[in-house]
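The following exercises concern one protein structure. Please read each task, attempt it with the structure in view, and then compare the worked solution.

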Amino acid sequence: MSRRQFWYVSAWILLVAVAGTAVIAPAPFVTLAPGPVFDILGEHDGEPVLKIEGTRSYPTTGELDMTTVAEAGGPSGSISVATAIWGLLTPDVTVLPVQARYPNGAPGPEERTLEQQVFNQSQSDALAAAANYLHRPTTDAVVSSVKPGSPADGKLHPGDVIRSVDGHRVSSSGQVAKQVSSRPPGSEVHLRVERDGQRLDETIKTTASPDDPDRAIIGIEVGGQYVSNFKPVLSLPDIGGPSAGLMLSIAMVDKLTPEDLLAGRQVAGTGTIKPNGKVGEIGGIDKKILAASRAGVQLFLAPAGNCEDVVSAQQPGLPIVPVSTLSDAVDAIRRLQSGDELPACPVFLASTTAR
């Protein structure tokens, strides 16, 4: 090989090496794609995904799928340039800069813990929605935070369930506030609380509110935790966020009523849920619809607030029904059974999306 040929081949090898290194180098992007679906009425790793404890439940048939979005990059680990390029060339995948996906920086342990707390609250709200639908709800007054240096600091803890104030039973934040503020600032109030299954009695001296010197406070925030005479137990690891609420509440309704709601059919969906049964919109619905279509579902339940996204994400042969409440969702499944016409998102939104 001549000297000229040697340098020519060496340059090409160097170019290929640099290009190859660039392709496998980490890229500051996140990919979003259709994720797996989980049958809430089925099993995961040999265990029922949803069990109902404390009351009678009924057998179900069919499949009720919770849909997800698969994310790569960002907190879940960096992706390569090649993966980012593949995502750009794949119609079903969205590629975003990490900064656009996480403007406040990648979530750390505290943020991931918060996301799990949001999911736990979603379960509580789903229970409340199902219990309200079935006319069997109750609530607990739960301490959500304690102000440092306040009279309650060191005596009450987040998660404590307040059962009574000065002998008066309480089950909501309003009832707790009413009983505490009925005493003059500087007086003592007696609280019975439940912590880790044990009943405790605490006497706390009130102080004046900084906003109203005549109103007594003890320095706590109280939220509502919804409970009932049944307890749902969910065995799905690594699932966070609130978007499974609607499907969880439907699953509870199906398990707690003799009616076989699905009657062997396969239904999927997504949406947040409020204790009053109101369904809220979510992100990534186009990916979830595609995941459901690939899983062969017969009906997809979508929040009515996502209708504009739904119109542009339609899949052949998959009816998508917009729902505003849990009752709407149950009614849509019954319509599927009976063969009645299913409601759909307004088509006129398609022209709005196209502009």
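**Exercise 1.** Determine where Asn229 is found and which residues Asn229 is in contact with.

Solution. Step one: Asn229 is found in the loop between strand S16 (220-227) and strand S17 (231-234), where helices (H or I, at least four residues) and strands (E, at least two) are DSSP runs numbered from the N terminus. The model is predicted, so local features need pLDDT of at least 70 and side-chain atom pairs count only at pLDDT 80 or more, while totals for chains, interfaces and linings use all residues. Residues are numbered from 1 along each chain as its sequence is written, and side-chain values use heavy atoms, with hydrogens and water left out.

Step two: the relative accessible area of Asn229 is 46%, so Asn229 is partly exposed; buried means under 20%, exposed over 50%, and partly exposed in between (1.4 Å probe, protein chains only).

Step three: setting aside neighbours within four places in sequence, Asn229 is in contact (heavy atoms within 4.5 Å) with Glu53, Gly54, Thr55 and Arg136. Arg136 is 93 residues away along the chain, yet the C-alpha atoms of Asn229 and Arg136 are separated by 7.8 Å.

**Exercise 2.** Are Thr31 and Ser164 buried or exposed, and which residues does each touch?

Solution. Step one: Thr31 is found in strand S2 (residues 29-39). Its relative accessibility is 6%, so Thr31 counts as buried. Beyond residues up to four places away in sequence, Thr31 touches Ala70, Glu71, Ala72, Ile79, Val93, Thr94 and Val95.

Step two: Ser164 belongs to strand S10 (residues 161-165). Ser164 also counts as buried, because its relative accessibility is 13%. Apart from neighbours within four places in sequence, its contacts are Arg169, Val170, His190, Leu191 and Arg192.

**Exercise 3.** Examine helix H6 (residues 245-256): what should its twelve residues span, and how many of them are buried?

Solution. Step one: the expected span of a helix is 1.5 Å times one less than its number of residues. For the twelve residues of H6 this gives 16 Å, and the end C-alpha atoms are 17 Å apart, which agrees.

Step two: twelve of the twelve residues of H6 are buried, so the helix is largely enclosed by the rest of the structure. Among them are Gly245, Ser249, Asp254 and Lys255.

Step three: consider the largest nonpolar core, a core being a set of buried Ala, Val, Leu, Ile, Met, Phe, Trp, Tyr and Cys residues joined through side-chain atoms within 4.5 Å. Of its 40 residues, Leu246, Ile250, Met252 and Leu301 touch the most other members. H6 gives the most to this core, with eight residues. A second, separate core has 17 residues, including Ile162, Val176, Val180 and Val222. In soluble globular proteins, nonpolar side chains tend to be buried together.

**Exercise 4.** Which residues does the disulfide join, and where do they lie?

Solution. Step one: a search of the whole structure finds one disulfide, that is, a pair of cysteine sulfur atoms within 2.5 Å. This link joins Cys307 to Cys345, with an S to S distance of 2.0 Å.

Step two: Cys307 lies in helix H8 (residues 307-312) and Cys345 in the loop between helix H9 (326-338) and helix H10 (349-354), so the pair ties together parts that are 38 residues apart in sequence.

Step three: the angle about the S-S bond is -80°, and the link is left-handed. Both Cys307 and Cys345 are buried.
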